[in-house]
Amino acid sequence: MVPKKKPDIQQMVQKLLTGDRRSAARLITLVENEVDEHHDIMRLVYPHTGHALIIGITGAGGAGKSSLTDHLIGKFREKDKKVGAVVVDPSSPFSGGAFLGDRIRLQNHSQDEGVYIRSLASRGNLGGLSRATYDVIRILEAMGMEVIFVETLGAGQDEIDIVQIASTCLLVLTPGMGDDIQAMKAGIMEIADIIVLNKADLDGATTCLRHLEAVLSVAQESQTSWKPRIVPTVSVASKAENLRGIDELVQTIGEHQNYLRSSREIDQAKFVRIEHELGLIFKDELQKIIFKGLRGTGKKKKYIRSIMDRKNDPYSVVDEVLNTYLFSGK
Amino acid sequence: MKKLKNPPDRKTAAAQAGDCNFFRNLSGFCIKPVYSIEDIAQLDEKTDLGRPGDYPYTRGVHETMYREKLWTIRQLGSLDSPSRANERIQHLIGLGATGVSICFDMPTIMGRDSDDPLAEGEVGSCGGVAVDCLDDMRHLLDGIDLEAISINFVSNSQSAVILAMFVAVAQERGVPLSALSGTMQNDILKEYQAQKSYYFPPRESMRLTVDTIQYCSQHLPRFNPISISGYHLASAGATPVEELAFTLANGFTYVAEAIKAGLDVDDFAPRLSFFFKAHNDIFENIAKLRAARRIWAKTMRQTFRAKDPRSLRCRIHTQTSGSSLTAQQAENNIIRVALQSLSAVLGGTQSLHTNAYDESYSIPTPRSEKIALRTQQIIAHESGVINTVDPLAGSYYLEAMTDEMEKKCHGYFREIEKLGGVISAIEKGYFQHIIADSAFRYQREIETKARIVVGLNAYVEQEDTEMEMREIDAEFEKEKIANLRALKQNRDPHRVQACLADIRRIAQTTQNLMPILVNAVEANTTLGEIIGVLREVFGEFREASVY
Amino acid sequence: MKKKIKVLMTKVGLDGHDRGAKVVASLLKAAGMEVVYLGMYQTPAGIVKAAIDEDVDVIGLSYLSGEHLVFTPKIVSEMKANGLDDVLLIAGGTFPVEDIPKMEAMGIDKIFRAGSLMPTIVSYIEENVKKH
């Protein structure tokens, strides 16, 4: 087996900035694997980000997220935008492996040089989106992608997290699946900027539409003055002329973006997003450092066992460790 | 010294696994150590069994079955070029085959001509015939007595065109259409569920299927316009009970659609036929076929109110299981095929196709295909099982298994009903998910040795025996393309354009497409051209769910 | 974090028999690998582009209908033209024994005939993955 060479990060990022696909692909793998150079990579990449339109697409499996993404990519390509897509699938909690099957539904763009699609496994982040997702999006931005779609699992928590990454969030529902009830329960509907009622040609679509409108009208007063719009669509049809609502959807996305810009909310939203990401990274790094330290001294196992035996409790352990690490300069 | 691996000790394994878990058939039913008269206490001889040839046909669709006429010995007679396939068909007939199956190459299956760029490298693939135009059909059927030999066209999405070519050739020869026997596989529902060689969306495909059924009911009364297939579902991973349930559900869907289109059930139902797989488990196979007949008869009478007794008879073609054959120690496959064939005969099949032992890695050689054919003849003439009809009836085990199959089927029917019917269930990925799960489970069983396959995970040998192979003609693709180009140059282009325009127009109405298709093939319009127009009108189907 | 092995699983050409490809993909997932499943009807160019963008370690081809000798050289040359020398190329399915050396000569790293068991495939990949 060939021994692994230390990757030349500087060179790779340079190439990335010229739009080089292989560098992008390799860098994404490196940040996914959280290699030692992870922070260096992101430091180099970050200054070149912040300008792309990031659109989150969420919703239950089978709602048609991927087919919508497929069409939206096409529409933005018509406007000559470079488009990226990050599609997330769940990792098995038992084996750690994953079946990444979303590319299949994005076949129309498989030969388009202006489109970059990457499949990500959730890798143990059962609740919420992984840090890697943020970093992958940054890399695609630095590569030159102007519009980036992020498609989530639809598992619940990640749907709420998507707000932290994307500036426009689409929630995809379908008639008669009870998704609308589920979404309401999880509070997701209030978070989405646009609700896409896909498979709008099915029986019960009109009823569902009215129901959604009713629900939104009594929803808690949001802190912003953008009322979530509902766009009915048909994203899967055997003939192109039977597709519906895609142009309207693109227009609505545009309207939301205009609203954000004109209302200055865009800055506020960015502030909150960065705060959230900072928090994630801090949490992650601190946990790594502390656990590493504890393991090194053999204390981690001792602590956990003492908690199991009810001789100690998690809060006392944390207080003790923090006092030792943070407040006494050790 | 060759390394030999032994299977686990069955007693120990069974004890460790908890007896029942170890003794399961492919469908997952728990098999008891002993079956006794209590297990068939509920069996009513009149309503559950009947006599052979009588409702509910559990014991067989004919009164005398093989005593009067053997099942059709139907072997595969295709090869890349139509003329070579024709030779092979004649050869098989000479060996004693009473029926022939013809399968097509990948491009033809996918509705593309040999000169289509997507067909590159695949013309004549896999021992299938490349059929682009009427001339190919002429060569294919040259010298074959169409009134005596039953031909089974293994064609699905492109069936309407193949049927049109068959009709055109028969008419040219002056053979009355009413004398033509044979089958068109023409089962599009299973394509969506398993084999995936579909192009149009489900509802448009159904229209084409109903067109062919209607046309045949009017013009080809001895021809089976459809062979409702479970074989492919099983090959994709479906267990025998899943195969049975899904196939019957598909059958009922075709009946419902044809009735919706205005046909009277007794006008077409007598010619619906079925195609099942003979897996390794002997009794499971027999039970499956008997349950199929019983369920079909009862449902056709009670739900669809068919009056003609022929509408209630589930006529079956069986093929031995290709997916059970191993590439390792391939000669073992001869025994597998023999046992599977025996179970099909004991199950009362009307027609049987035995696989050649080398089909696990190749197109059959003349030697291997002869052994496959002789297998059927030996069973017919030497085993004695044909001397009486449904010899195993009354077996506690078999009758209990038949009942179990029937009961489980109704469970699947209810689930499909809840999803809104077969087409709706297809769109939701219901069948595809179940089949993929079963395929995965089967592989895991082999990996963990819960299921033993001789030569594969037990009694494994390091070296492979030298096998002779059938030669494949590398020049064929070029030749075929050249012929096709010549045809396109020499035909009347106006006639072709006119036909294509008519096809486009009629496809958008509810008129039966078959007559114009016959005209079109007579004008030398190619398969690819016809399918191309239909693709534009009907659209293309993309599978919504993967897993 | 443990580096995951990423595999691209695909069928090429007109053949639609995908049982093997799906089963192997599931079993590789059960062995801890991340499998990008491309499905059916892929072209050599499409496969290689996906392999680059997804930065896979292995490309897995599923062959059944006799197309292996036609498509293998196309895929290998497309891989070479795009600098994918460090990507493992494996193939499985149904083909004659005598074609195996031909396919290996064309550039396939390892062939797994139908009936191969998972531990063989998994251990081969783990031991031969070039990038790690």
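This passage walks through the salt bridges, one chain, one interface and one serine of a predicted model.

Let's start with chain B as a whole. Its fold is built from 22 helices and nine strands. Along the principal axes, the C-alpha trace stretches over about 75 × 65 × 50 Å. How does the radius of gyration of chain B sit with that of a compact globule? For 547 residues, a compact globule would come out near 24 Å, and chain B has 23 Å, so the two agree. Burial can be put into a number too: 62% of the 547 residues of chain B count as buried. Then there is the question of who touches whom along the chain. Taking the contacts in chain B between residues at least 6 apart in sequence, 78% turn out to join residues at least 24 apart.

Next come the charged pairs. Side chains of opposite charge can pair when their charged atoms come close. Over all chains, the structure holds 52 salt bridges. One of them, in chain A, links Arg118(A) to Glu32(A), with 3.5 Å between the closest N and O atoms. Arg118(A) sits in strand 4 (residues 115-121) and Glu32(A) in helix 2 (residues 21-32), so this pair ties together parts of chain A that are 86 residues apart in sequence. Are these two residues buried or exposed? Arg118(A) and Glu32(A) are both buried.

Chain B offers another pair, Glu191(B) and Lys190(B), whose side chains meet in a salt bridge at 3.0 Å, N to O. Here, too, both partners, Glu191(B) and Lys190(B), are buried.

Over in chain C, Glu54(C) and Lys6(C) form a salt bridge with an N to O distance of 3.1 Å. Glu54(C) belongs to the loop between helix 2 (44-53) and strand 3 (58-63), while Lys6(C) is part of strand 1 (residues 6-12), so the pair ties together parts of chain C that lie 48 residues apart in sequence. Both Glu54(C) and Lys6(C) are buried. This pair doesn't stand alone, either: salt bridges with shared partners join Glu32(A), Arg103(A), Arg118(A), Arg123(A), Lys6(C), Glu34(C) and Glu54(C) into one network. The pair from chain A described above, Arg118(A) and Glu32(A), belongs to that network as well.

Now for the place where chain A meets chain B. Eight residues of chain A are in contact with 10 residues of chain B. Together the two chains bury about 730 Å², and 56% of that area is on carbon and sulfur atoms. How many salt bridges cross this interface? The count between chain A and chain B is zero. Polar contacts between these chains also come to zero residue pairs, counting pairs with both residues at pLDDT 80 or more. The side of chain A that touches chain B is made up of two nonpolar, three polar and three charged residues.

Last up is a single residue, Ser116(C). It lies in the loop between strand 5 (110-113) and helix 5 (118-128) of chain C. With a relative accessible area of 23%, Ser116(C) is partly exposed. Its side chain reaches the backbone oxygen of Arg113(C) at 2.6 Å. Which residues does Ser116(C) contact, leaving aside its neighbours within four places in sequence? They are Gln443(B), Glu447(B) and Ile121(C). As for Glu104(C), it is 12 residues from Ser116(C) in sequence, with 17 Å between their C-alpha atoms.

Notes. Residues numbered from 1 in each chain as written. Chains lettered and ligands numbered in written order. Predicted model: local features only at pLDDT ≥ 70, side-chain atom pairs only at ≥ 80, totals over all residues. Heavy atoms only, no water. Salt bridge = Lys/Arg side-chain N within 4 Å of Asp/Glu carboxyl O. Helix = DSSP H or I, 4+ residues; strand = E, 2+ residues; numbered from the N terminus. Buried < 20%, exposed > 50% of the residue type's maximum accessible area, 1.4 Å probe, protein only. Contact = heavy atoms within 4.5 Å. Buried area = accessible area lost by both parts, 1.4 Å probe. Polar contact = N/O pair within 3.5 Å; in protein donor to acceptor, adjacent residues only side chain to side chain. Nonpolar A, V, L, I, M, F, W, Y, C, P; charged D, E, K, R; others polar. Rg over C-alpha atoms; globule rule 2.2 N^0.38 Å.
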